[in-house]
Amino acid sequence: MNPNNSSPAPASASASAPRRGLRVATVVAAASTLVAALTVTAATATAGVAAPNGHGKPAGNVKNACGPARPGQARCFAEVRTDVHGGTGVRGAAAAAAVASGKTAAAATALPAGFGPADLRSAYKLPTTGGANQTVAIVDAGDDPTAEADLAVYRSTYGLPACTTANGCFHKVNEKGAATPLPPDQGWGVEEALDLDMVSAACPQCKILLVEGDSASFDDLGASVNEAVALGATEVSNSYGGTEANGVAAYAPDYTHPGVAVVASSGDSGYGIPSVPAAYTSVVAVGGTSLTKAANTTRGWTETAWQGAGSGCSAWIDKPAWQTDANCPGRMVADVAADADPNTGPAIYVTDTPDLEGLPSGWSIVGGTSASSPFIAGVIGLAGNPQKFPNASAFYSDHSALFDVVGGNNGVFQDCGGDYQCNAVTGYDGPTGWGTPNGIAGF
């Protein structure tokens, strides 16, 4: 069974005619052959993914933030908890200060449920400063009209420096690089909030550029990546994907920018057919883990492979010379990882939730490799060496500064027979790559 639910065949009306026509010619056949598979797997994907114990998560606990993608479009990989509703507004010490100053009569002074920036810094041994000269770009589909306001609530709650249009830290543009007009809302509000919050958690001093594609088509998303680089992004995160198929190489140039670290989610459907853009050899493919506090360990945390984390061996993209795992003749996904399990996920703040069928807006817990990709992009920004990642080869030549994740698997829909491709083993494996950040030395 094909574990993904989207196809990279192009369907954008906004790209130039020659560009669009070339790509349609190369992939339209693949799109038509995938339609039946997409119909089957969309229902499977919306049922959610299994919890890290391998026996499945509680029914109704998690739902995909974005619905199944139409052929020719990508699906965002954010997964939102349906059992956590934290209300709206600033929380924690910032809320208490507002009450004490008389700015508000009542406020919730406890921090929201879910991991905050301090938790993630502790888990991954990250410094509190760095990245002031870096611009992390987030590429998403459609406008999130409350993105800046929601980001302000998140950063204020956790004591992070303000990141606004006014102070030059935050910049939101369309895929042509203009502040107006912005595209229509495509229902990716949870995804966009998650991306912004995870970059903030990893690198509070990084500038953030949000590039909103006209649609979820690969033409529009690819154009958005190119525009992000043209506007000076040093890292670009892509928390979306589509099932690889014949013709996917047509989009590889959009994700190839030496000197800029291009990062992408490995997907949320476990082991199987890889997703693009994660499978492109110029991209750092980010898998996922389940992260748990553990006072009885030296690190203070434990990690296992998250069962939803995408991994797989490409049938269409050649194996790069720097990747030498034994049982995959093509490009193997993933390269590196971070927390992605929505059951051990971060707190995020989002009020643009019209497509979540009545779920309250405000504080929630959201996961998926949509959380790990922007987080890793932020870690690269924190370290300040984006030129080190024209691809993921740096992790293969030296992974000593990563936590090696051992235990767990991502055989949600398919089993790889005990192989590293779907089991977290010592050294390299598909779900977690070479591991997770242990400080910034590896970045």
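Which residues have the most contacts inside the largest nonpolar core? They are V236, Y255, F375, F395 and F443, and the core they sit in has 101 residues. Keep in mind that this is a predicted model.

**The chain as a whole**

Let's step back for a moment. The protein chain has 443 residues, and buried ones make up 61% of them. Its secondary structure comes to 8 helices and 19 strands. If you take the contacts with a separation of 6 or more, 77% of them join residues 24 or more positions apart.

**Around F395**

Back to one of those core residues. Leaving out residues up to four places away in sequence, F395 touches V284, V336, F389, L402, W434, G442 and F443. So F443 turns up twice: it is on the list of core residues with the most contacts, and F395 touches it.

**Rings**

Searching the whole structure turns up 18 aromatic pairs. One of them is Y396 with Y428, a tilted pair with 5.8 Å centre to centre and 35° between the planes. Why does this pair tie together parts that are 32 residues apart in sequence? Because Y396 lies in helix α8 (residues 393-397), while Y428 is in the loop between β18 (402-403) and β19 (436-437). Are the two partners buried or exposed? Y396 has a relative accessible area of 12%, so it is buried. Y428 is buried as well, at 9%.

The pair also belongs to a bigger picture: ring pairs link W322, Y396, Y420, Y428 and W434 into a cluster. W434 is also one of the residues that F395 touches.

**Cavities and a pocket**

How many cavities of 30 Å³ or more are there? The count comes to 5. Here are the two largest cavities, along with the second largest pocket:

| Space | Volume | Lining by class |
|---|---|---|
| Largest cavity | about 100 Å³ | 8 nonpolar, 7 polar and 1 charged residues |
| Second largest cavity | about 50 Å³ | 7 nonpolar, 1 polar and 1 charged residues |
| Second largest pocket | about 180 Å³ | 8 nonpolar, 4 polar and 2 charged residues |

Take the largest cavity, with its volume of about 100 Å³. It is lined by 16 residues, and V80, P360, S361, W363 and S364 are the closest to its centre. The elements that give two or more residues to this lining are β3 (79-81) and β17 (362-367). Of the elements, β17 gives the most, with 3 residues.

Next, the second largest cavity. Its lining is made of L120, Y124, M198, A338, D339, P346, A371, S372 and F375. Three elements each supply at least two of these residues: α3 (117-124), β15 (336-339) and α7 (369-383). Which element provides the largest share of this lining? That is α7, with 3 residues. F375 is worth a second look here, as it lines this cavity and is also among the residues with the most contacts inside the largest nonpolar core.

Finally, the second largest pocket. It has 14 lining residues, and those nearest its centre are P117, A118, R121, Y158 and L160. Helix α3 covers residues 117-124, a range that takes in P117, A118 and R121 from the pocket lining. The same helix supplies at least two residues to the lining of the second largest cavity.

Terms used:
Residues are numbered from 1 along each chain as its sequence is written. This is a predicted model: local features need pLDDT of at least 70, side-chain atom pairs count only at pLDDT 80 or more; totals for chains, interfaces and linings use all residues. Side-chain values use heavy atoms; hydrogens and water are left out. On a 1 Å grid over the protein atoms alone, a cavity is a set of points where a 1.4 Å probe fits but cannot get out, and a pocket is an open set with protein on both sides within 12 Å along at least five of seven lines; lining residues have an atom within 4 Å of a point. Grid points are joined across faces, edges and corners, and a volume is the space filled by probe spheres set on the points. Ala, Val, Leu, Ile, Met, Phe, Trp, Tyr, Cys and Pro count as nonpolar, Asp, Glu, Lys and Arg as charged, and the others, Gly among them, as polar. A nonpolar core is a set of buried Ala, Val, Leu, Ile, Met, Phe, Trp, Tyr and Cys residues joined through side-chain atoms within 4.5 Å. Buried means under 20% relative accessible area, exposed over 50%, partly exposed in between (1.4 Å probe, protein chains only). Contact means heavy atoms within 4.5 Å. Rings of Phe, Tyr and Trp (its six-membered ring) pair if their centres lie within 6.5 Å; planes under 30 degrees apart count as stacked, over 60 as edge-to-face and the rest as tilted. Helices (H or I, at least four residues) and strands (E, at least two) are DSSP runs, numbered from the N terminus.
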